[in-house]
Amino acid sequence: MIDLRSDTVTLPTEDMKRAMMEAPLGDDVYGEDPTVIQLEQTLATLLDKEAAIFAPSGTQSNLLALMAHCERGDEYIVGQDAHTYKYEGGGAAVLGSIQPQPLEFCNAGEMDLEKIKSAIKPLDNHFAKTRLICLENTMGGQCLSLDYPQKVRELCHQYGLQMHLDGARLFNAAVKQKVSVGKLAEHFDSVSICLSKGLGAPAGSVLVGSKPLIEKARRWRKVLGGGMRQAGILAAAGLYALEHNIERLSEDHRKAHSLSESLRKLKGLKLYSNSGETNMVFIEIDEAYLAPFENRAKQLGITLPSGNKKRLVFHLNINEQGFKTIEQCFLDTFK
């Protein structure tokens, strides 16, 4: 099967599974799993932060950050379509009693700086206390501009705020922009890294930040049920991914860009401008073509997201033959 729904559908390779089976293990709740410790130290070093904590999912690692930065009744400023606001079940509000203040994006995951200023609450008991600004990289397959986080950082210094980055696909941005993840993370107080998307691990995310912040996050991870015992089996997959699967992200980007260029020539669909920058292609299909396209995809063994607006995501389980099959599916339908 060729699955275009997400880069979360990747399956571990035989070499990754071998690394998982051979990993030295301990009880991570006691802080004794050597493979988890190695993964945490590796990512803390890569992102030039003091400490890190391994969590079961990106949703939990983002929530750990929000709950470590904010107290009950505090507020975080976030994009209207950001994952931490829109796609994580309202966890900050439900479980952290933290109020989100969503703002519209003006460009590729960036919020207008003047609108951020206007959203920061004055120190008045009538208002939630603004504590944190959350960004995301990549956002809709697009990278934050390299100078934007520094501008937000300057704003945070002015108002005494902290910054968190949902870096679920930060390595995609680093490969695309040809900079280190440490450079992309330098202005943030905390960063969440997902291992189970383009990097190809079966599960797990890591939150990095200062030692005091990560200690608070460790307490909240226990409260949220995220403490795992011999978690080194999963951490080993993450270590393998960091060693073997970063540079190959450029192959996913190449395929997405190439498909985008091919689709520009076809009638019966709309190609969105944020297509092909990293590993995603965004299209809207005319209703007359939708059923024939989906039927042809099924015949060719291609799994698609539902609806006429589709996000197509490339990942390590889509090889060159799979890419050619995807192209053929479009050519067969949109003649």
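Student: Is Glu 136 buried or exposed, and which side chain of opposite charge is nearest?

Tutor: Glu 136 is buried (under 20% relative accessible area, with exposed over 50% and partly exposed in between; 1.4 Å probe, protein chains only). Glu 136 has no salt bridge (a side-chain nitrogen of Lys or Arg within 4 Å of a carboxyl oxygen of Asp or Glu). The nearest side chain of opposite charge is Arg 169, 5.7 Å away; Lys and Arg count as positive, Asp and Glu as negative, and His and the chain ends are not counted.

Student: What kind of model is this?

Tutor: A predicted one, where local features need pLDDT of at least 70, side-chain atom pairs count only at pLDDT 80 or more, and totals for chains, interfaces and linings use all residues. Residues are numbered from 1 along each chain as its sequence is written, and side-chain values use heavy atoms, leaving out hydrogens and water.

Student: What is Glu 136 in contact with, sequence neighbours within four places aside?

Tutor: Ala 82, His 83, Leu 144, Leu 165 and Asp 166, where contact means heavy atoms within 4.5 Å.

Student: Which strand is Glu 136 in?

Tutor: Glu 136 belongs to E5. Strands (E, at least two residues) and helices (H or I, at least four) are DSSP runs numbered from the N terminus.

Student: How many bridges join E3 to E5?

Tutor: Four, and the two strands run parallel; a pairing needs at least two DSSP bridges. Tyr 76 has Leu 132 of E5 as its bridge partner. E3 is also joined to E4 (residues 99–103), by five bridges and again in parallel, with Ile 77 opposite Gln 101.

Student: Which faces of E3 are covered?

Tutor: Both: Asp 74, Tyr 76 and Val 78 are buried on one side, as are Glu 75, Ile 77 and Gly 79 on the other.

Student: New topic. Which residues have the most contacts inside the largest nonpolar core?

Tutor: Leu 43, Leu 135 and Leu 195, in a core of 53 residues. Such a core is a set of buried Ala, Val, Leu, Ile, Met, Phe, Trp, Tyr and Cys residues joined through side-chain atoms within 4.5 Å. Helix H11 (residues 232–244) supplies the largest share of this core, seven residues. Another core, of 24 residues, lies apart from it and includes Ile 2 and Leu 266.

Student: What is odd about the backbone at Asp 48 and Ala 108?

Tutor: Neither is a glycine, yet phi is positive, about 60° at Asp 48 and about 45° at Ala 108. Asp 48 sits in the loop between H2 and E2 and is exposed at 67% relative accessibility. Ala 108, in the loop between E4 and H6, is buried at 15%.

Student: And where is the cis peptide bond?

Tutor: Between Asn 137 and Thr 138, with omega about 5°.
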